[in-house]
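These notebook entries record what I looked up in the structure. I took helix packing, the sheet, the aromatic pairs and the backbone in turn.

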Amino acid sequence: MDSKLHIAMFPWLAFGHFIPFLQLANDLAKRGHRISLLLPTNALLKLKHMNLYPQLITFCALTIPQVEGLPLGAETTADTKNLDDSLTLAFDRLQDEVKAILVQMEKPNLVFYDFAYWIPELVSGMGCKTVKFTVYSPTISALALIMSKCKGKGRAVTAADFMESPLGFPSDSKVVLREHEAYQVSRFVNLPSNRITTFDRIVEGLKRCDAIAMRACNEMEGQYCNYIASEFGKRVYCTGPLLPEPPREEEPFDDEIARWLKKFEPNSVIFCAFGSEMVLEKEQFQELVLGLELTGLPFLVAVRPPEGSSSIEEALPEGFQERVKGKAIVHGGWVPQSLILRHKSVGYFVNHGGSASMWESLASHCRIIVAPNRPDFALNARLMAEELEAAIEVERDENGRFSKENLCNAIKSVMGEDIQEENHKKWRDLLLNPNFADNYIHNFIHNLYELLAK
């Protein structure tokens, strides 16, 4: 293992994918391996500061093609909701550009991808191995596989199809969909479409690669990784949690938010963030902020303006701003989530159950409250709340909606929950143990060399 690896990486056009790919790139470059990371031009500029090894990690700029329906200059899911699949269409049209970049660089040993299921065919004559690197939970890959099998039954899919564990799936699993979530998935599967869906992409990507890599830990999700491995007849390599390295000194962030947080006692502030892509309905947005207000605690909210609103301010309930003045900030833009979670004033984290939030919350000192509003996020929520017993999930009605009362109750219940706190501490201590992450990366690199030797 004297010769160092050269790995090309091509993630889906979303910051929730770019960042784990870059974190893995940093972990590999730390051990002397070279990475060529293909990113859209604007994303490249935004992520430059996160490249800890610029002498070993090269950013390769992609020009996103203009397609009908895609806003001018849009490059990522942060620039467009992609409801018409225009960004996905532009992504698939990158094939020639991606191949040209790969051909011009020194030949990589391996190419990592996630949604670009066409990569193995694209590089088939180049003599490099392909790895599908999945940044979300293996339970979501399992759901995609179940969806694929249900579609093959030659009939309309029902909610019941997603509420029964398939053969070989861990029988004692608590990571299951509720009825309204299963119904949501069945409706999605039954939609007529002449394009490949996100879940089809996941399954095709898993079928076509030489090996599967997952941002996962065997201690938490080993049984689901084993299920994926057995279904596809391939090794699944776990990368570990891929957490950003903690700063050597307290990093500065937005002056207004930092000054505001300093006013409060340790562990007294609720931080609520729903990711850079999630857009809530106006009614759910209002229930969210009113539920936080009901707790009586100071709170910081970072969400995108809800559907039909051009700004956060115009969507706030009547009289809300006057009532919470000085005690709350509702922010409509991006915030440095990992830095805010480390702030001593922040004691509670309300999130949507996205994969990045799952890992960052488990590694934080904050009590965790999860309010998922998508079936894939719901699986992360069940993992944290039901299997790891390290979080509380907000109760929802049969339509998948939460009320302000249910949100407030969930936050108040976590305040006195010693079991959640004990379990969370156990997982946090494990994840933050430097040897834990190092061992995963060491084994991961060893697996890559074994793959190349085949």
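**Entry 1. Helix against helix.** I counted a contact wherever heavy atoms lie within 4.5 Å. The model is a predicted one, and I read every entry below with that in mind. On that basis I looked up which residues bring helix 7 and helix 16 together: Glu-181, Gln-184 and Val-185 of helix 7 meet Pro-375, Ala-378 and Arg-382 of helix 16. Two packed helices are described by the angle between their axes and the distance between the axes. I therefore noted both values: the axes of helix 7 (residues 179-190) and helix 16 come within 10 Å, and they cross at roughly 145°. The crossing of helix 7 past helix 16 is left-handed.

**Entry 2. The sheet.** Next I traced the order of the strands. I found an open sheet of 6 strands in the order 10-9-8-11-12-13, with parallel pairing. Strand 10 (328-331) and strand 13 are its edges, each pairing on one side only.

I then followed strand 8 (residues 269-273) to its neighbours. Strand 8 runs parallel to strand 11 (residues 346-351), and 5 bridges join them. Val-269 has Val-346 as its bridge partner in strand 11, and Ile-270 stands opposite Tyr-348 in that strand. Towards strand 9 (residues 299-302), I noted 4 bridges, again with the strands parallel. There the bridge partner of Ala-273 is Ala-302. I also recorded the connection: strand 8, helix 11 (residues 282-294) and strand 9 make a right-handed β-α-β unit.

**Entry 3. Cover on strand 8.** Is strand 8 mostly covered or mostly open? I found that 5 of its 5 residues are buried. In a regular strand the side chains alternate between the two faces of the sheet. I therefore checked each side of strand 8: Val-269, Phe-271 and Ala-273 are buried on one side, and Ile-270 and Cys-272 are buried on the other. Both faces of the strand are thus covered.

**Entry 4. Helices on the sheet.** Which strands does helix 17 touch? Helix 17 (residues 404-415) packs on the sheet and touches strand 8, strand 11, strand 12 and strand 13. The direction of helix 17 makes about 155° with that of strand 12.

Helix 15 (residues 355-362) lies across strand 11 and strand 12 (367-370), and I noted an angle of about 160° to strand 11. Helix 15 is mostly covered, with 7 of its 8 residues buried. I listed these as Ser-355, Ser-357, Met-358, Trp-359, Glu-360, Ser-361 and Leu-362. The elements they pack against are helix 9 (218-232), helix 14 (337-342), strand 11, strand 12, helix 16 and helix 18 (418-431). Helix 16, which helix 7 crosses in Entry 1, is thus also among the partners of helix 15.

**Entry 5. Aromatic pairs.** I turned to the rings and found 18 aromatic pairs in the structure. Why is the pair of Phe-10 and Phe-91 classed as stacked? Their ring centres are 5.1 Å apart and their planes stand at 15°; planes under 30 degrees apart count as stacked. The pair joins distant parts of the chain, with Phe-10 in strand 1 (residues 6-10) and Phe-91 in helix 3 (residues 86-92), 81 residues apart. Phe-10 is buried at a relative accessible area of 1%, and Phe-91 is buried at 0%.

I then looked from Phe-91 to Trp-118. The centres of these two rings are 6.0 Å apart and their planes are at 50°, so I entered the pair as tilted. Trp-118 sits in the loop between strand 4 (110-113) and helix 5 (119-122), 27 residues from Phe-91. Trp-118 is buried, as is Phe-91. I recorded one aromatic cluster formed by Phe-10, Trp-12, Phe-91, Phe-115, Trp-118 and Tyr-136.

**Entry 6. Positive phi.** Most residues other than glycine have a negative phi. I therefore noted two residues with positive values. Leu-242 has a phi near 55° and is found in the loop between strand 7 (236-238) and helix 10 (255-261). Glu-389 has a phi near 50° and is found in the loop between helix 16 (375-387) and strand 13 (392-393).

Are these residues buried or exposed? Leu-242 is buried, with a relative accessible area of 3%, whereas Glu-389 is partly exposed, with a relative accessible area of 34%.

Technical notes
Residues numbered from 1 in each chain as written. Predicted model: local features only at pLDDT ≥ 70, side-chain atom pairs only at ≥ 80, totals over all residues. Heavy atoms only, no water. Phe/Tyr/Trp six-rings, centres within 6.5 Å; stacked < 30°, edge-to-face > 60°. Buried < 20%, exposed > 50% of the residue type's maximum accessible area, 1.4 Å probe, protein only. Pairing = 2+ DSSP bridges. Right-handed = clockwise from strand over helix to strand, strands pointing away. Axes fitted to C-alpha atoms, helices over the stretch in contact; angles between N-to-C directions. Left-handed = near helix turned anticlockwise from the far one by under 90°.
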